[in-house]
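Here is a short briefing for a first look. Take in the sequence and the fold, then read the points below.

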Amino acid sequence: MAVLGWILVIALFAIGMAGAVYPILPGVLAVYFAFFVYGWFFSFDSFGWVFWTVQTLIVVVLMVADYAVGAWGVKKFGGSKLSIWLSTIGIIIGPFVIPAFGLVLGPLLGAMIGELIRGESIDRAFKVGIGSVVGLFSSFVVKIILQLVMIILFIIWII
């Protein structure tokens, strides 16, 4: 049973890390769930209130930052609320519509369409679209770093 427990924990960590760059996967929630799987297979004794508080705070920060960093990229490059919304929608549906490049093209085109609907020039719309991609990649970096912190804290706690 111990081997199965570790396989599940490691698989959830891998899914979580993949979810940091592929928004369809559960990301941080998979990492968080791995802690419960470890507890069910081995023991919750290693985890006290400090562990759960720190990990839960990281999850909350990640969920808020995920949206905020993407929106920041669009706003920083002069985008409107409509562009933020359409960029977010583009992140979600882009990978399905354009499988190989949709993760980048989805938010780019979503932000551009938002600006074009508002009557902005194609140059301005493209600038805002680039901002959405900058926000997207910034969000990836934040998620990867914080999820690695979660996993490292987990390892430190169980040792």
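Helices here are DSSP runs of H or I with at least four residues, numbered from the N terminus. The model is predicted. The points below cover the annotated segments, the nonpolar cores and one residue in helix α3.

**Annotated segments**
- An unreviewed UniProt entry carries the annotation "transmembrane region" for residues 6-37, 49-72, 84-109 and 130-158.
- Residues 49-72 are 100% helix and 0% strand. The C-alpha atoms at the two ends of 49-72 lie 33 Å apart.
- Residues 6-37 are 75% helix and 0% strand. Here the end C-alpha atoms are 9 Å apart.

**Nonpolar cores**
- The largest nonpolar core holds 20 residues. Val9, Phe13, Phe35, Met150 and Phe154 have the most contacts inside it.
- Helices α1 (2-19), α2 (28-41), α3 (49-76) and α6 (122-158) each supply at least two residues of this core. The most come from α2, with eight residues.
- Another core, of five residues, lies apart from it. Its members include Ala71, Val74, Ile84 and Val128.
- Beyond its neighbours within four places in sequence, Phe35 contacts Phe13, Phe44, Phe47, Phe51, Trp52, Gln55, Met150 and Phe154.

**Met63**
- Met63 sits in helix α3.
- Met63 counts as partly exposed because its relative accessibility is 43%, and partly exposed lies between the cut-offs of 20% and 50%.
- Setting aside residues up to four places away in sequence, Met63 touches Val28 and Leu29.
- Met63 and Leu29 are 34 residues apart in sequence. Their C-alpha atoms are 9.6 Å apart in space.

Definitions and conventions: Residues numbered from 1 in each chain as written. Predicted model: local features only at pLDDT ≥ 70, side-chain atom pairs only at ≥ 80, totals over all residues. Heavy atoms only, no water. UniProt positions renumbered as here; feature names shortened; annotations may be inferred. Core = buried A, V, L, I, M, F, W, Y, C linked by side-chain atoms within 4.5 Å. Buried < 20%, exposed > 50% of the residue type's maximum accessible area, 1.4 Å probe, protein only. Contact = heavy atoms within 4.5 Å.
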